[in-house]
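Hi,

Here's the structure I said I'd pass along. Have a look, and my notes are underneath.

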Amino acid sequence: MRYFVSVILPLPLRQLFTYELTLSEYKFLVPGMRLAVPFGKSKVYTALVYSLHNNFEGSYEPKKILSILDATPIVTEIQLKHWSWMAGYYMCGLGEVYKTAVPTALILEGETHLRRSDILQKEHDILTSDLSDNAYIVLDALSTEVSLPIQTLSTLVPKDNIFNIIEVLLTLKLVVVEEQLTARYKPKFKNEYTFPKYFFSDTKSVESLVLSLKNAPKQLEVLNFFISRASHSKVITDLDIRKNGLSPAALKGLVSKGVLQKSEKRIDRVELDSDFKTVPIKTLNPSQLEALAAIKSHFKERKVALLHGVTASGKTEVYAALIQEALLKGEQVLYLLPEIALTTQLITRLQSYFGTSVSVYHSKYNLQERVEVWQNVLHENHKAQLIVGARSALFLPFKKLGLVIVDEEHENSFKQFDPAPRYHARDSAIVLAHISQASIALGSATPSLESMQNVFQQKYGLAELTQRHANISMPSINLIDLKDQYKKKKMKLHFSEPLRWAIEETLSAGEQVILFQNRRGYAPVVECFSCGHTPYCKSCDVSLTFHSNAGVLRCHYCGYEEHKKSQCTSCGSLDLSTKGFGTEQVVASLETLFPDAKVGRMDLDTTRAKDGYQQIIDRFEQREIDILVGTQMLSKGLDFRDVGLVGVMAADSLLNFPDFRAHEKTFQLLTQVAGRSGRTEKKGKVLIQTYHPEHQILQQVTTYEFKSMCKEQLYQREIYKYPPFNKIIKITLKHKDYNKLNDASDWFAKGMRNIFKTGILGPEFPVVSRVRNQYIKHILLKAPPQYALKQVKSSLLRLEKSFNAVSPFKGVRIVFNVDPY
């Protein structure tokens, strides 16, 4: 009997691959373990065991595995089920899910190396007598001690096939093959120093030791420090030595003399502050208790619970009560947030309740830190019972997941657009909770229309918090008509007169201001007044955004940048102007209008560093910033106590965005940003600058009419066959050749129309039709209700297979995006 293993490779391929095992390997392996396997002619990959079996009906002869990398699985069976669902639903390969889910430090990289074989010189001379010149070059580059990768050797003989040369050298036994894997994760250790056990039992020895160190004053200083600390701490670290200004060289000298003993202790790279006392969770008010009871009732019915609570209504305290119950049962909890910025503020609050059982996981952590959180969750370590993180935390190896919380569930940040899998963390979390038999709660002040439709259809259970905590008033929201302000010449540097007065009044009252502008940089367009020339990106069809702080023009799609020139590159004119404005220009204007105010900025450019969010939030909380200007990351659940005014610089750019969800998103974003104001006793104020104050969505924002907005938008979605009534799949085709892309997209759209008849839009170029020298075309499929979604996807994959067989379309890339919103 033969034994086989089906594995997942970290490659964008939909199929599993089969390798042959020995009987002992077959008995030892279980799904979720890692293997080193050969793939192709020269590559070694870290594969993941998916299943074990005795039958193989493929068209190729299975290779043998190289080695087993784990004694126990690093991925759970629940994860494998979840990945399979994700690959099927989002139309991608299991390998793509594997590569996204597992920290890359655990996916070892490998390649084939060659080393010269250890044979006698006499034999060597005979065997090499008939070698070609290129074979001599390859052999000469190798030695018996050092091996070289095949990729390196191929550069030595560019005009010859390296594999033909290797085959000859292997046949003659002049070289041997070595498969090498490169591990990228290394545990972190700290040095600990202690006295030998006998040290304090012999007083005379201590005295004689002190006398012997009279000529080594720095070593004596270190020794005295150790003796003074010995009564309350028997272990000293390198950090203690540095903090007290002692000499590391003297410490090393004492270790070499045997006075101190040195040992290594493995530690986590991610250590949250543990120097605090935990406090009981806050007592819930009657509204919160009612919402909590409703959520628990929905959990008993195995329903998804949606908590719809206005801003500052105390949703986090309700979550804390649910978390406490889950942790007391010994269950793990996953708390998902849309933005890393939110985790920095929430962690402090959750730590005060749940102590060291809280861990954080997101993309700002480096490879090593992510591996350690992964391992803590896998081994059910106490410090990883409650995981707070952005969407990537969804992939952690939970074994006892009891509760999932998705806060700000309406947020678009939960959707991953590139690379595959293009999943939505909210929807994927619901499936994960179902597979894990865990409870799940979604929460938002402005739930998505998809979630509200599920409530109306009684698929989800609803709990509501209709008032702010402690009966704090909702902020007043007023619209400012920019047409009227410009007509009366009351605008100054993008600021209307009412907004300027309100900022001055708020600052005079000792309160803080938040200004929202959903565009970073200084200006999106630089234009020459003389000839109208605008600098464009060389690789994308989009104008370069001016960043004044760096003095550069930058593409926000591919990252290309160039220094801003003082004259037009087309006509040489010095008369250059900017159009539009971003956060940098708002900050510059504020510094002119309010020179005494301390202004800060929070956008992608200022938060690139690992602790960038935390530093800005801390400075704002500590009143080091009076006015904080930011993009949409400011709108997502941040809690600032002293904000008296929120200003929206330009609401119309949100309303006019080419997206079927533009009105819904505008309502959500403006309501959320307004919620940052007046979170204590004093009523907050919100001013929104717009050219269309009569717009219905803006009117609904001012009166907090969420339900009427929801009803109207759902009515329109149903008429025009958009989600949640019709599923949408966006097919994107990319190629560097404009004409080839046009022909390919027309062929694919025609094939879709032959299958589905209706519900197909496109192919059309998007607003930015070329990115990184690749032209782009979109086809939108509104899946007809009479077709099962699984059937629709199968038809599209069959069509893709036929498309790939058409030789003129070779190289055209197709991307499927299910639920592309």
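A quick definition before the residues: buried means under 20% relative accessible area, exposed means over 50%, and partly exposed is in between. Keep in mind, too, that this is a predicted model.

By that cut-off Phe 354 is buried, because its relative accessible area is 12%. Tyr 353 counts as buried as well, at 11%. The rings of these two, Tyr 353 and Phe 354, have centres 6.0 Å apart and planes at 80°, so they make an edge-to-face pair. They're part of a bigger story on aromatics: searching the whole structure turns up 25 aromatic pairs.

Another pair is Phe 660 with Tyr 722, and this one is stacked, at 4.7 Å centre to centre with 15° between the planes. It links distant parts of the chain, since the two residues are 62 apart: Phe 660 is in the loop between α22 (652–655) and α23 (662–674), and Tyr 722 in the loop between α25 (706–719) and β30 (728–735). Tyr 722 is buried at 18%, whereas Phe 660 is partly exposed at 23%. Tyr 722 also has Lys 782 over its face, 3.9 Å from the ring centre.

A similar thing to look at: the charged end of Lys 777 sits over the ring of Phe 765, 4.8 Å from its centre. And Trp 747, Phe 748, Phe 803 and Phe 809 form one aromatic cluster.

Last one, away from the rings: Gln 416, in the loop between β16 (401–407) and α16 (425–436). Gln 416 is buried, at 8% relative accessible area, and its side chain reaches the backbone oxygen of Pro 421 at 3.4 Å.

Cheers

Definitions and conventions: Residues are numbered from 1 along each chain as its sequence is written. This is a predicted model: local features need pLDDT of at least 70, side-chain atom pairs count only at pLDDT 80 or more; totals for chains, interfaces and linings use all residues. Side-chain values use heavy atoms; hydrogens and water are left out. Helices (H or I, at least four residues) and strands (E, at least two) are DSSP runs, numbered from the N terminus. Buried means under 20% relative accessible area, exposed over 50%, partly exposed in between (1.4 Å probe, protein chains only). A polar contact is a pair of N or O atoms within 3.5 Å; within protein, one must be able to donate a hydrogen and the other to accept it, and residues adjacent in sequence count only if both atoms are side-chain atoms. Rings of Phe, Tyr and Trp (its six-membered ring) pair if their centres lie within 6.5 Å; planes under 30 degrees apart count as stacked, over 60 as edge-to-face and the rest as tilted. A charge sits over a ring if NZ of Lys or CZ of Arg is within 6 Å of the ring centre and within 35 degrees of the ring normal.
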